[in-house]
Amino acid sequence: MIVLGIETSCDETSAAVVDGEGRVLSNVVSSQMRAHAPYGGVVPEVAARAHLENLPAVLDAALERAGKRLEDAELVAATAGPGLIGALLVGLSAGRGLAFARGLPLVGVNHLEGHLFSAFLRPGGEPARPLALPFHGLVVSGGHAELVRVEEGGRIVPLARTRDDAPGEAFDKIARRAGLGYPGGPVVDRIAQRGRGDRFPFAIGRSGDGSLDFSFSGLKTAMLRELERRGIDGSPLDPERLDPELVDLLASFQRAIVAALLDRVERVHAAEGMQTLAISGGVAANTELRATLSAWGGEHGVAVLLPDRSFTTDNAAMIAWAGLLAARRGAPTDPAAAAARSRWPLGT
Ligand code: KG4
Ligand code: ZN
């Protein structure tokens with residue numbers, strides 16, 4: 001089985017070829033980061049236009065690197081949501097066009113489901129790890145924070161999600177205000193490695209009603225106030241030559257995000273016992289998050305799966321893989337029926 005994956009939900013244009021055992025034969029990602037950097041965030045119109053310009057070459061490159069031709073594809077998997085509607089339409093329409101032209105089935109993939117199963121993919125052309133059902137999944141990205149349980153039959157049960165900002169969004173907003181550019185996660189990650197994360201203890205947001213939902217806006221506001229008090233106003237700063245106190249402040253901010261995520265993981269483990277925890281999404285590239293959750297898993301007998309960094313941020317390999325799994329579970333594969341949707345909660 002040869003699956004052609006397409007991802008255009010946000011600011012990465014990506015195409016990939018994955019086989020029936022989950023071997024990633026190619027995974028081409030063209031980042032639009034530079035187009036959006038001057039605005040400090042993703043501009044939807046700019047994103048849609050760039051996808052339109054980049055996708056044909058990205059598709060060609062994915063097939064070529066995999067040593068395959070379009071005629072070899074047996075299933076098309078394209079992200080159908082959630083995401084920027086104009087951006088989604090570009091990739092999904094391209095996928096539908098290819099499917100119609102070649103008479104192939106097409107699965108409209110939930111982007112979050114793509115992240116969720118990405119922790120099972122392996123780099124270097126290795127087959128995917130066996131799906132250890134049931135498992136728990138933590139998807140942490142620029143748009144989402146979701147903790148779910150994936151049951152035996154593949155049903156996804158949401159346990160917690162963010163009520164306001166996503167963790168990646170908090171990283172991005174703080175980095176922008178600190179004059180450190182976009183995206184914020186990788187730069188804060190690097191700076192925090194030389195800082196003291198215990199110097200400025202921030203509170204972990206917990207809701208009064210006992211819900212497991214995440215909230216990062218309180219932390220973001222507290223951090224913005226700390227920056228303001230120090231006269232930091234967004235003027236560009238050199239990440240290599242920061243005031244040591246700012247370095248510690250950023251490390252403490254990152255520590256608070258990791259602590260909030262660990263808090264919910266611990267509470268779910270206490271309530272229903274985890275065997276496997278698959279972590280995914282752009283924020284799953286974070287060094288401290290990876291180290292903290294791996295250590296926690298080691299102490300509690302939970303197998304913590306961390307995707308290779310190439311599968312953490314948006315990519316089409318995860319879409320091809322999730323699309324194939326969805327098709328095997330009986331998801332609709334009529335290209336005429338696939339529709340883009342900006343909102344699409346996991347498990348619906
Ligand atoms: O999954 P992704 O590519 O896009 C969404 O679906 O949102 O995630 C992008 C997010 C950005 O907010 C970026 O700042 C964050 O992932 N990110 C990180 C790191 N690398 C990327 N956050 C923390 N630490 C990192 N190393
Ligand atoms: Zn994503």
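Helices (H or I, at least four residues) and strands (E, at least two) are taken here as DSSP runs, numbered from the N terminus. With that in hand, welcome to a predicted model, where local features need pLDDT of at least 70, side-chain atom pairs count only at pLDDT 80 or more, and totals for chains, interfaces and linings use all residues. Residues are numbered from 1 along each chain as its sequence is written, chains are lettered from A and ligands numbered from 1 in the order in which they are written, and side-chain values use heavy atoms, with hydrogens and water left out.

**Two cis prolines**

Two peptide bonds that precede proline deserve a look, and the table sets them side by side.

| Peptide bond | Omega | Place of the proline |
|---|---|---|
| Gly81 to Pro82, cis | near -10° | loop between strand S4 (75–81) and helix H3 (85–102) |
| Leu133 to Pro134, cis | about -5° | loop between H4 and strand S6 (135–140) |

**The zinc site**

Helix H4 (residues 111–118) also leads us to the metal, since His111 lies in it. The zinc ion (ligand 2) takes His111 (NE2), His115 (NE2) and Asp314 (OD) as its protein donors, at 2.0 to 2.1 Å. Donors are N, O and S atoms within 2.8 Å of the metal (3.2 Å for Na, K and Ca); water is not among the atoms, so sites may look incomplete. Along the chain, the donors follow the spacing H-x3-H-x198-D. Asp314 sits in the loop between strand S10 (303–305) and helix H10 (316–328), so together with His111 it ties parts that are 203 residues apart in sequence. Both His111 and Asp314 are buried (under 20% relative accessible area, 1.4 Å probe, protein chains only).

**Helix H5 and its neighbours**

Helix H5 (residues 167–177) has buried residues at Pro167, Gly168, Ala170, Phe171, Asp172, Ile174 and Ala175. These pack against S6, strand S7 (145–150), helix H6 (184–192), helix H7 (217–229) and H8, where contact means heavy atoms within 4.5 Å. After H5 comes Gly179, with a positive phi near 75°.

**Helices H8 and H9**

Helix H8 (residues 244–272) packs against helix H9 (residues 287–300) at an angle of about 30°, and their axes are 10 Å apart. The axes are lines fitted to C-alpha atoms over the stretch in contact, and angles run from 0 to 180 degrees between N-to-C directions. H8 and H9 are therefore roughly parallel to each other (angles under 35 degrees). Among the residues of H8 that meet H9 are Ala251, Val258, Leu262 and His269; on the H9 side, the contacts include Leu289, Leu293 and Trp296.

How values were computed:
Buried < 20%, exposed > 50% of the residue type's maximum accessible area, 1.4 Å probe, protein only. Parallel < 35°, antiparallel > 145°, perpendicular 65-115°, else oblique.
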